[in-house]
Amino acid sequence: MFSGSIPALVTPFRDGRVDEDSFRRLVDWQIAQGSSALVPCGTTGESATLSYEEHYRVIELCIEQAAGRVPVIAGCGSNDTATAARHMDFAKDAGAAAALVVAPYYNRPNQDGIVAHYDHLARRNDLPIVVYNVPARTVTDILPETMAKLSRLPGIVGVKDASGALARITAHRLGCGADFCQLSGNDDMALAFNAAGGVGCISVTANVAPKLCAEFQAACSAGDYDLALTLNDRLYPLHTTLFSDASPGPAKYALARVLEGVTGELRLPMTPPSASSRAAVDAALGIAGLL
């Protein structure tokens, strides 16, 4: 259903408020540069610090500005099942193509609780769901046998897998079927992820280097792994340095360097990246040919 380079969009701020003009410009730039879908209000979009009104406005803005040119996968996750359901209701009414729903964080449900969470969401709303597994942030890990159960629920179409366990791609193919959409959640593993059966990446780096990331994903899709390897080498320093300080600080700093008019402003508790992080990002942008 989804494939290619899919940026997990940052949320631009200016003077403490969502910068709607910059966000619209970011959406247009991403589409012009070849991104195949867009994800607003994910972790990189600082969704944890957005009010309900801001969260919904960002989703609405993304869908309005994309205007059907690419699908929008709206961030709808919460550790409260009722809140996730509310987010999905809004996203569906706004015209999103799917919801990205992270495993419940902080509560630490067991595997049965994870299944019950997604089962409730999937049965009350027919908006397609992309499951997001990122145990480094949620603590809870969605095990392959649990993912197989989720894949059989109505409307659950794929996974953004940031577990870091590459063997799971094959486990998911066997347990969920070859048509289950597997998207990497780790830029630095996207090459190996695609080679093992993945079809794309929900990417932080694509915020900053959308054209290169789109070309990389297209090379993987075409089976041209020589070109993919060359592009991956150009992108790899960005993949690492965009996490050289708390994310999305380095990504917002980098975006402000390459897209005129966008600030690197963050919302507390996030603070600007360190001087060493900024220097590393600058060097990586140079290697990628973006400065």
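The second largest pocket of this predicted model is lined by 20 residues, and those nearest its centre are Arg137, Gly185, Asn186, Val204 and Phe243. Helix 5 and helix 10 are the elements that give two or more residues to this lining, and the space enclosed in the second largest pocket comes to about 320 Å³. Sorted by class, its lining has nine nonpolar, seven polar and four charged residues.

The largest pocket holds about 640 Å³ of space, and among the 27 residues that line it, Gly42, Thr43, Ser47, Ala48 and Tyr105 are the closest to its centre. Helix 5 (135-138) appears here again, since at least two lining residues of the largest pocket are supplied by each of helix 2 (52-66), helix 3 (81-94), strand 5 (98-102) and helix 5. The class composition of this lining is 13 nonpolar, 12 polar and two charged residues.

From the open pockets we turn to the enclosed spaces. Rolling a probe the size of a water molecule over the atoms shows where empty space is left. A search of the whole structure yields two cavities of 30 Å³ or more. The largest cavity contains about 60 Å³, and its lining consists of Ser5, Ile6, Asp187, Ala190, Cys201, Ser203, Cys213, Phe216, Gln217, Leu235 and His239. At least two of these residues come from each of strand 1 (4-7), strand 9 (200-203), helix 9 (210-221) and helix 10 (225-241), with helix 9 providing the largest share, three residues. Six nonpolar, four polar and one charged residues make up the lining of the largest cavity.

The second largest cavity has a volume of about 40 Å³ and is lined by Asp161, Ser163, Gly164, Ala165, Leu166, Ser184, Asn186, Met189 and Phe193. Asn186, which is named here, is also one of the residues nearest the centre of the second largest pocket. By class, the lining of the second largest cavity divides into four nonpolar, four polar and one charged residues.

A helix pair completes the picture. Helix 6 (residues 144-151) packs against helix 7 (residues 167-176) at an angle of about 40 degrees, and their axes lie 9 Å apart; the two helices are therefore oblique to each other. Helix 6 passes helix 7 in a right-handed crossing, and the contact involves Pro144, Met147, Ala148 and Ser151 on helix 6, together with Arg168, Ala171, His172, Gly175 and Cys176 on helix 7. Five nonpolar, three polar and one charged residues form this contact.

Terms used. Residues numbered from 1 in each chain as written. Predicted model: local features only at pLDDT ≥ 70, side-chain atom pairs only at ≥ 80, totals over all residues. Heavy atoms only, no water. Axes fitted to C-alpha atoms, helices over the stretch in contact; angles between N-to-C directions. Helix = DSSP H or I, 4+ residues; strand = E, 2+ residues; numbered from the N terminus. Parallel < 35°, antiparallel > 145°, perpendicular 65-115°, else oblique. Left-handed = near helix turned anticlockwise from the far one by under 90°. Contact = heavy atoms within 4.5 Å. Nonpolar A, V, L, I, M, F, W, Y, C, P; charged D, E, K, R; others polar. 1 Å grid on protein atoms, 1.4 Å probe; cavity = no way out; pocket = protein on both sides within 12 Å on 5 of 7 lines; lining within 4 Å. Points joined across faces, edges and corners; volume = space filled by probe spheres on them.
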